[in-house]
Amino acid sequence: MALTLHVDGAKWRAAQDAALAANPGLVPVIKGNGYGFGPATLYAEASRLRVPMVAVGTYAEVPGALAGFPGDVLVMEPFRAAIHAGLPQVGEGRLVHTITARVDLDALLVANAAARVVVEGLTSMGRFGAPVEKVGDLMAAGHGEGVTLHLPLGSGHIDEISRFVEAVGGIRPFFVSHTTSDEVAALRHRFPEHRFAARVGTDLWLADRSAYEVRAHVLDVRPLSKGDRVGYRQRPQPAGHLVVVSGGTSHGVAMESPASAATARSRAIAVAEGMLEAAHRVRSPFTVSGTMPRFAEPPHMQCSLLTLPAGVTPPLVGDIVPVRMRLTTAYPDAVVIE
Ligand SMILES: *Cc1c(COP(=O)(O)O)cnc(C)c1O
């Protein structure tokens with residue numbers, strides 16, 4: 001039994017190439033579950049794209065990135081003296097650390113006098129960063145290679161980024177996150193002497209939804225009479241067919257927001273009861289016989305029980321069915337690039 005991510009390699013790579021062409025200087029973000037493809041696959045794709053740098057989320061991801069990608073690796077979580085000073089990779093010359101405070105910079109330079117850094121400015125995102133008036137001093141003290149800015153989702157970033165560009169002065173790259181290619185183009189126009197590089201994950205790896213599909217196997221099919229009870233919770237079922245498919249909580253099935261619930265009421269129930277508990281009331285993400293049947297009960301760890309209504313022709317054991325899933329929470333058993 002398996003949940004597989006199928007990728008049309010030519011289409012997927014064409015979308016990556018287009019994203020890079022639309023946004024020169026783009027720094028691919030490779031973090032977490034590797035956007036469903038897995039980090040190792042994405043390091044190989046970034047190598048194919050011939051970019052000089054990738055960005056990872058955390059220090060835990062650094063060893064994999066250094067092994068899988070030959071260029072520079074930017075760590076987007078800030079270096080913290082209290083947490084990271086003893087890490088064996090701190091001396092690695094291909095690493096670029098993110099600095100938000102003097103105490104961390106000083107400790108990093110003690111651990112590795114040649115450490116490479118960028119300085120993150122505190123934006124309206126409010127996650128990490130040094131206040132705008134401290135960024136210039138940190139850049140000077142750490143011989144910073146650039147300033148990083150992480151913006152909230154949405155638009156209207158140009159004024160906020162401009163404040164940093166004007167306050168920091170000098171000619172240095174700004175690495176910006178969640179800034180559209182149009183906004184980056186506008187910034188380049190406003191500050192032609194500066195370099196702007198967008199850090200992009202979703203719009204690079206998941207740019208063309210038609211280039212990939214999650215697929216599950218039909219593992220079993222059984223007729224149901226009204227009131228038959230199945231599953232861990234022995235809930236009575238409607239008449240029709242029980243369809244057992246591969247794909248469960250360990251793959252991230254039903255871990256996404258309940259946006260796929262059909263109605264506002266079922267979405268409200270999903271929020272109120274917790275997504276898993278509510279899963280049996282909402283449509284499953286599996287497409288079986290042209291419909292999206294409901295879960296018979298919350299998904300199991302590696303498979304799910306679905307109820308196909310009476311009158312719908314059941315599938316056969318071994319059939320392959322598509323699964324609609326958000327890939328940032330998907331952990332397929334295999335990724336097949338054809
Ligand atoms: C995750 C992340 C990104 C990439 O986000 P996407 O929405 O996947 O493009 C960029 N910058 C920072 C700081 C991040 O944490």
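**View 1. The contacts of threonine 100 in this predicted model.** Setting aside neighbours within four places in sequence, threonine 100 is in contact with Pro78, Arg80, Glu120, Phe128, Gly129, Ala130 and Leu138. To find threonine 100 along the chain, look in the loop that runs between β5 (95-99) and α5 (102-111).

**View 2. Threonine 100 and its polar partner.** Here the side chain of threonine 100 meets the side chain of arginine 80 in a polar contact of 2.8 Å. Is threonine 100 buried or exposed? Its relative accessibility is 9%, so threonine 100 counts as buried, the cut-off for that label being under 20%.

**View 3. The residues around the ligand.** Let us move on to the ligand. Around it you will meet Val29, Lys31, Tyr35, Met76, Arg127, His150, Ser177, His178, Arg199, Val200, Gly201 and Thr202. Sorted by class, this shell holds 4 nonpolar, 5 polar and 3 charged residues.

**View 4. Polar atoms beside the ligand's oxygen atoms.** Which residue places a polar side-chain atom 2.6 Å from an oxygen atom of the ligand? That residue is tyrosine 35. Glycine 201 takes part through its backbone, with a polar atom 2.8 Å from a ligand oxygen. Threonine 202 uses its side chain, where an N or O atom lies 2.7 Å from an oxygen atom of the ligand. As for the ligand's surface, it exposes 390 Å² when taken alone, and the protein buries 88% of that.

How values were computed:
Residues are numbered from 1 along each chain as its sequence is written. This is a predicted model: local features need pLDDT of at least 70, side-chain atom pairs count only at pLDDT 80 or more; totals for chains, interfaces and linings use all residues. Side-chain values use heavy atoms; hydrogens and water are left out. A residue is near a molecule or strand if one of its heavy atoms lies within 4 Å of it. A polar contact is a pair of N or O atoms within 3.5 Å; within protein, one must be able to donate a hydrogen and the other to accept it, and residues adjacent in sequence count only if both atoms are side-chain atoms. Accessible areas come from the Shrake-Rupley method with a 1.4 Å probe; for residues, only the protein chains shown count as cover. Ala, Val, Leu, Ile, Met, Phe, Trp, Tyr, Cys and Pro count as nonpolar, Asp, Glu, Lys and Arg as charged, and the others, Gly among them, as polar. Helices (H or I, at least four residues) and strands (E, at least two) are DSSP runs, numbered from the N terminus. Buried means under 20% relative accessible area, exposed over 50%, partly exposed in between (1.4 Å probe, protein chains only). Contact means heavy atoms within 4.5 Å.
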